Amino acid sequence: MTADFGMPKMGFGTWNRDKETTYRCVLDALDIGYTHIDTAPSYENEDAVGKAIRDSDIARNSVFVTTKVDPHDYGEGEVLPAVEKSLEKLAMDKVDLLLLHFPSLYDKYPLKSYVSQFIEVYDKGLTQHIGVSNFTIKHIEESLPLFEDRPIYTNQVEIHAYMQNKPIVEYCQSKNIQLTAYSPIARGELLGDKVLTEIAQSHNATTSQIALAFLLSCGYAVIPSSDKRARIQDNFDAAKIDLSAQEMLAISALERGMRLNNADYCPLWDV
Ligand SMILES: NC(=O)c1ccc[n+]([C@@H]2O[C@H](COP(=O)([O-])OP(=O)(O)OC[C@H]3O[C@@H](n4cnc5c(N)ncnc54)[C@H](OP(=O)(O)O)[C@@H]3O)[C@@H](O)[C@H]2O)c1
């Protein structure tokens, strides 16, 4: 069973949370009204996400669940067993969205090999949608012929006011690939920003809400994370804020290429 709907624009991220915290936060998020939860095998909390969904008052078909395939599992014959392991941990027969978490680290595996295995998983029906994460233009260009008529549902990439990632955004939009913005409040780095804070004051909102409202107004899905119920609620309420064209322009001007997810195995973003 999967969600009865497509990917909600407001999601909840679970990276860097231990199992106990994940369980509590996902229960809070579902109670507040989030209907989209993002996890990954490398977060080591898929079991806690699955348990929180089961223990909540929300039916499985009312939650959009994303997990990923870890690039360490891209070897020949490794993708399907890795996805089966994720489903076992989540205790689900199928997820709503499955992403390739990264292009192969240091190009260890040929893209054709792991993308083809990924497509086989989709064709077997283990996920409602398939997409990618941290893919650059080059990676998507190489992948598209392999996907044939199967849509690349989203590219989940770092996007926030300080790193707007315009070349990959525009490329994905030209190919009808939705954008999902990870680290949407720049892990707190932009909370002291003067422009965002002034806009927040004029809306009687928080800086975090303005940072999220900006991305939502751009049409992206967002997956902020917090382990505090009040902030989980605060972030959820960002969807109610309408920014003016002038405010959108002022926030666009904050771009400074401040990449946070910059381990040496991460592909370089297009500029
Ligand atoms: N695909 C990928 O490679 C990838 C990479 C990174 C992240 N992600 C996904 O994206 C999700 C979000 O990204 P992220 O965790 O890197 O960054 P983020 O959501 O931008 O920031 C999270 C940080 O901001 C704080 N925060 C959250 N809401 C706040 C609020 N309203 N006011 C003040 N501080 C607030 C949190 O602290 P507290 O917990 O103390 O509130 C936490 O330290 C992840 O959980 C994960 O699901 C995916």
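**A tour from arginine 54**

Select arginine 54 to begin: this residue counts as exposed because 12 C-beta neighbours lie inside 10 Å, and a count of 12 or fewer is the cut-off for that class. The model on screen is a predicted one.

Next, extend the selection to residues 46–55, which form helix α2, the helix that holds arginine 54.

Add residues 19–32, helix α1. The axes of α1 and α2 come within 8 Å and cross at roughly 35 degrees, and the crossing is right-handed. To display the contact itself, show Lys19, Thr22, Tyr23, Val26, Leu27 and Leu30 on the α1 side. Their partners in α2 are Asp47, Ala48, Val49, Lys51, Ala52, Ile53 and Asp55. Sorted by class, this contact comprises eight nonpolar, four charged and one polar residue.

Now return to arginine 54 and add arginine 256, which lies 202 residues away along the chain. A distance drawn between the two C-alpha atoms reads 41 Å.

Finally, zoom out to the whole protein. A cartoon view displays 10 helices and eight strands. The C-alpha trace spans about 55 × 45 × 30 Å along its principal axes. The radius of gyration is 18 Å, which agrees with the value near 18 Å for a compact globule of 271 residues. Colouring by burial would mark 46% of the 271 residues as buried. Among contacts with a separation of 6 or more, 76% join residues 24 or more positions apart.

Technical notes:
Residues numbered from 1 in each chain as written. Predicted model: local features only at pLDDT ≥ 70, side-chain atom pairs only at ≥ 80, totals over all residues. Helix = DSSP H or I, 4+ residues; strand = E, 2+ residues; numbered from the N terminus. Buried ≥ 20, exposed ≤ 12 C-beta atoms within 10 Å, placed from the backbone. Rg over C-alpha atoms; globule rule 2.2 N^0.38 Å. Contact = placed C-beta atoms within 7 Å. Axes fitted to C-alpha atoms, helices over the stretch in contact; angles between N-to-C directions. Left-handed = near helix turned anticlockwise from the far one by under 90°. Nonpolar A, V, L, I, M, F, W, Y, C, P; charged D, E, K, R; others polar.
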